[in-house]
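Colleague: I have this chain open on my screen and would love a close look at its aromatic residues and the core around them. Could you walk me through that part, and set it in the frame of the whole fold?

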Amino acid sequence: MEIEKKFKIKKLPNNLEQYEQKHIEQGYLCTNPVVRIRKSNDRYILTYKSLVSGSEDKNTDVRINNEVEVFLTKEGYEHLREKVDDNLIKKTRYIIPLEDGHMGELDIFGGVLDGLYFIEVEFESEEDAENFVPPVWFGENVSDDKRYANSYLSKCNDLSVFL
């Protein structure tokens with residue numbers, strides 16, 4: 001199970017190069033439920049993701065998904081890559097330790113989404129997520145804003161959806 005929150009960023013952290021980086025390319029074979037392929041550095045992954053039943057009815061700013069990941073070979077990834085719908089997403093993910101012990105995953109997008117960035121934080125439980133106090137450099141919680149879902153972003157040809 002994946003429990004996460006997404007936030008805009010008020011100001012990017014200094015010295016991003018000091019953090020672990022993942023160069024990610026991902027595409028979607030289906031968006032409801034989500035079936036995604038991802039190349040992360042030299043790892044290839046197929047992911048199935050679906051919203052936990054009833055979680056959309058809760059009055060909360062937390063996303064809760066069932067998620068299953070399966071490793072692919074490079075050849076398997078490249079075969080499926082030819083079958084993705086819409087656009088491949090390209091981004092660099094920075095893994096940033098937060099002062100409270102959580103990890104932030106800052107995504108800075110390239111390609112047609114160049115200029116977009118936001119951060120995700122994953123949690124052990126709903127209670128952990130509800131008690132999370134974002135650092136001052138985090139902006140608005142956009143967990144419920146579909147425009148920040150990567151599956152939605154894969155359908156965008158530019159950033160006009162944010163204007």
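Modeller: Happy to. For a chain of 163 residues, a compact globule would have a radius of gyration near 15 Å, and this chain has 16 Å, so the two agree. Keep in mind throughout that this is a predicted model. Along its principal axes, the C-alpha trace spans about 40 × 40 × 30 Å. Buried residues account for 40% of the 163. The surface that the chain exposes comes to about 9,200 Å², with carbon and sulfur atoms supplying 46% of it.

As for the fold, the chain holds three helices and nine strands, and reading along the sequence gives the pattern β-β-β-β-β-α-β-β-β-α-β-α. If you take the contacts between residues at least 6 apart in sequence, 61% of them join residues at least 24 apart.

Now to the core. The largest nonpolar core has 17 residues, and those with the most contacts inside it are Leu106, Phe132 and Phe138. The elements giving two or more residues to this core are strand E1 (2–9), strand E6 (85–97) and E8. Of these, E1 gives the most, with three residues. Leu106 is a good place to start on your screen: leaving aside neighbours within four places in sequence, Leu106 is in contact with residues including Ile9, Leu12, Pro13 and Leu16. The contacts of Leu106 also include Tyr94, Ile96, Phe118 and Ile119. There is a second, separate core of 11 residues, and among its members are Phe109, Tyr148, Leu153 and Cys156.

Next, the aromatic rings themselves. A pair of aromatic rings is described by the distance of the centres and the angle of the planes. A search of the whole structure turns up nine aromatic pairs. In one of them, Tyr44 and Tyr77 sit 5.3 Å apart, centre to centre, with 45° between the planes, and the pair is tilted. This pair links distant parts of the chain: Tyr44 belongs to strand E4 and Tyr77 to helix H1 (residues 74–81), 33 residues apart. Both tyrosines, Tyr44 and Tyr77, are buried.

Another tilted pair brings us back to the largest core: Phe132 and Phe138, 6.3 Å centre to centre with 50° between the planes. Phe132 has a relative accessible area of 7%, so it counts as buried; Phe138 has 3%, and is therefore buried too. These two phenylalanines also belong to one aromatic cluster, formed by Phe7, Phe123, Phe132, Trp137 and Phe138.

While you are in strand E4 (residues 43–51), have a look at Lys49, which has its place there. Is this lysine, Lys49, buried or exposed? Lys49 is buried, because its relative accessible area is 15%, and the cut-off for buried is under 20%. The side chain of Lys49 makes a polar contact of 3.2 Å with the side chain of Glu2, and a polar contact of 3.5 Å joins the side chains of Lys49 and Glu67. Leaving aside neighbours within four places in sequence, Lys49 is also in contact with Pro33, Val34, Arg36, Asn65 and Asn66, among others.

Pro33 is worth a stop of its own. Pro33 lies in the loop between strand E2 (20–31) and strand E3 (34–40), and the peptide bond leading from Asn32 to Pro33 is cis, with omega near 0°. Most residues other than glycine have a negative phi, and most peptide bonds are trans. Two further places stand out on the phi side. Asn15, in the loop between E1 and E2, has a positive phi of about 55° although it is not a glycine. Asp86, which lies in strand E6, has a phi near 60°, again a positive value in a residue other than glycine. Asn15 has a relative accessible area of 48%, so it counts as partly exposed, and Asp86 is partly exposed with a relative accessible area of 48%.

One last stop is Gly110, in the loop between strand E7 (103–109) and strand E8 (117–122). Gly110 has 23% relative accessibility and therefore counts as partly exposed. Not counting residues up to four places away in sequence, Gly110 touches Lys90 and Lys91. The C-alpha atoms of Gly110 and Lys91 are separated by 5.5 Å, with the two residues 19 apart along the chain.

Methods:
Residues are numbered from 1 along each chain as its sequence is written. This is a predicted model: local features need pLDDT of at least 70, side-chain atom pairs count only at pLDDT 80 or more; totals for chains, interfaces and linings use all residues. Side-chain values use heavy atoms; hydrogens and water are left out. Helices (H or I, at least four residues) and strands (E, at least two) are DSSP runs, numbered from the N terminus. Buried means under 20% relative accessible area, exposed over 50%, partly exposed in between (1.4 Å probe, protein chains only). A polar contact is a pair of N or O atoms within 3.5 Å; within protein, one must be able to donate a hydrogen and the other to accept it, and residues adjacent in sequence count only if both atoms are side-chain atoms. Contact means heavy atoms within 4.5 Å. A nonpolar core is a set of buried Ala, Val, Leu, Ile, Met, Phe, Trp, Tyr and Cys residues joined through side-chain atoms within 4.5 Å. The radius of gyration is taken over C-alpha atoms; the globule rule is 2.2 Å times the number of residues to the power 0.38. Accessible areas come from the Shrake-Rupley method with a 1.4 Å probe; for residues, only the protein chains shown count as cover. Rings of Phe, Tyr and Trp (its six-membered ring) pair if their centres lie within 6.5 Å; planes under 30 degrees apart count as stacked, over 60 as edge-to-face and the rest as tilted.
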